[in-house]
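User: Please examine the model shown below and answer a series of questions about its helices and loops.

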Amino acid sequence: MKNINQIGLTWISFFSYAFTGALIVVTGMIMGNIANYFHLSISKMSNTFTFLNAGILIAILMNAWLMEIISLKIQIMFGFILTMIATIGMLYTHNILFFSINLFILGLVSGITMSIGTFIITYLYSGTERGSKLLITDSFFSMSGMIFPMITVYLLEKKILWYWIYIVIGSIYALIMIFSLNLKFPKLIKKNKENQENIEKWGLNIFLLSISALLYILGQLGFISWIPQYTTKIININIQNTATLVSHFWMSYMIGMWFFSIVIKFFNLNHVFIVLTGLSTILMYYFIHNTNYLILKYIIISLGFFSSAIYTIIITLASLETQKPSPKIINIILLFGTIGTLLTFIVTSPIVQKYGLYTTLISTNIFYAIVFLISILIYLNNIFFVKKILL
């Protein structure tokens, strides 16, 4: 019975990341349709999606203490009600303000559910098994990125209005609720004062890794969010092929996660971090400077594959900065990654408006390049630290 409960909770964690992934990934696919629906420019419409990212960020911050007060099952039930309200609201709203509120609600639900999913994995598993399960959990985000662009294109081709995609996404949360009905959830135990006082000092690498997480997510989501607009308007690729590019990125991203979860066990993580960030920066550069669809497809598949392990490596390197793995350090990296998500359209929309889509993609490439430089700084800092100890 315990094993069945554990399997059920694990699948809730998987679906929590799939739900968040679907919400974030479809943004670039339907942004133009929503802008036309509300008679807004693309740049103004993209700013509206900041409400989704803000909801995710606030929820992650809030749920650190909320899980100690409200049981996880009640949170999921309440999240399902909010998801229904928001998706039904999408059907009947013709006002951009109400649309923004609905996005914010979905962001809150997404952030809370994702934090619950992460807590469940860290509670149920330990050691290398925890890391493996976290990689699989994160791969469900990529799986949504692979599947939902194709679903979106299918709905749009059938002349079905954009808001129905949110109803399809809501079905993922319905699965989460159904799974949770007969499961026993873990309880978060409040830490006593002795544990709170026993805090290890964090070095420079934690700061560098946090910045890396922020810039990597900002670069990745900025790039993939504007690819549909860039390829259709600048390169004149049709919407079906554009959806295929986005889908291929997330498919190879998911495969890359599974591949590198095995490979990184046999190599120095700092070396892998440098190689993957360097390759990803180069691949993104060549994508931006090519117009041939076939070449673009191969480049974006390679980019998804080689960039897939970067975020997980950042989290892993951060967890190795203390003698014992610290949940607080992992939360710090997740927080900075979520801030990167929040800043996606806040940073890129003004660039689109003033300088255009090409310059926007160049800026995301620069973010990747900075992460590459930071990976070298972290490596050099580690060498200096080891030498200092030996002396």
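User: At which residue does α9 bend, and by about how many degrees?

Analyst: This is a predicted model, in which local features need pLDDT of at least 70 and side-chain atom pairs count only at pLDDT 80 or more, while totals for chains, interfaces and linings use all residues. Residues are numbered from 1 along each chain as its sequence is written, and side-chain values use heavy atoms, with hydrogens and water left out. In α9 a proline, P228, follows the bend within four residues. The bend, defined as the angle between axes fitted to the seven residues ending at a residue and the seven starting there, is located at I227 and amounts to about 40°.

User: What distance does α9 reach from its first C-alpha to its last?

Analyst: Helices here are DSSP runs (H or I, at least four residues), numbered from the N terminus. Helix α9 covers residues 204-233, which is 30 residues. The expected span is 1.5 Å times one less than the number of residues, and for α9 this gives 44 Å. The distance in the model is close to that value, at 43 Å.

User: How many residues of α9 are buried?

Analyst: A residue is buried under 20% relative accessible area, exposed over 50%, and partly exposed in between (1.4 Å probe, protein chains only). S210, which lies in α9, illustrates the buried class with 3% relative accessibility. Helix α9 is largely enclosed by the rest of the structure, because its buried residues number 25 of 30.

User: How do α9 and α13 pack, and at what angle?

Analyst: Two packed helices are described by the angle between their axes and the distance between the axes. Axes are lines fitted to C-alpha atoms, for helices over the stretch in contact, with angles running from 0 to 180 degrees between N-to-C directions. The axes of α9 and helix α13 (residues 310-319) are 10 Å apart, and the packing angle is about 165°. That makes the two helices roughly antiparallel (over 145 degrees; under 35 counts as roughly parallel, 65 to 115 as roughly perpendicular and the rest as oblique).

User: What is the C-alpha separation of S210 and A318?

Analyst: S210 belongs to α9, and A318 is among the buried residues of α13. Along the chain, the two are 108 residues apart. Their C-alpha atoms are separated by 8.4 Å.

User: How many residues of α13 are buried?

Analyst: The buried residues of α13 include I310, Y311, I313 and L317. Helix α13 is largely enclosed by the rest of the structure, since the buried count is 9 of 10.

User: At roughly what angle do the axes of α9 and α11 cross?

Analyst: Helix α11 spans residues 269-288, and its axis comes within 13 Å of that of α9, with a crossing at roughly 25°. That makes α9 roughly parallel to α11. The crossing is left-handed, a term for a near helix turned anticlockwise from the far one by less than a right angle, with clockwise being right-handed. The angle asked for is roughly 25°.

User: What arc do the buried residues of α7 cover?

Analyst: Helix α7 (residues 164-180) has end C-alpha atoms 25 Å apart, which agrees with the 24 Å its 17 residues should span. Its buried residues are I165, Y166, I169, G170, I172, Y173, I176, M177 and S180. They lie on the same side of α7, because the arc they cover around the axis (taken from the directions from the helix axis to the C-beta atoms) is only 145°.

User: Are α4 and α7 roughly parallel or roughly antiparallel?

Analyst: The axes of α4 and α7 come within 10 Å and cross at roughly 165°. Helix α4 passes α7 in a left-handed crossing. I88, found in helix α4 (residues 72-92), has its C-alpha 9.7 Å from that of W164, 76 residues away in sequence. From their crossing angle, α4 and α7 are therefore roughly antiparallel.

User: Is H39 buried or exposed?

Analyst: H39 lies in the loop between α1 (2-38) and α2 (42-48). Its phi is near 60°, a positive value in a residue other than glycine. With a relative accessible area of 72%, H39 is exposed.

User: What is the phi of N236?

Analyst: N236 is in the loop between α9 and α10 (239-263). At 64% relative accessibility, N236 counts as exposed. Although N236 is not a glycine, its phi is positive, at about 65°.
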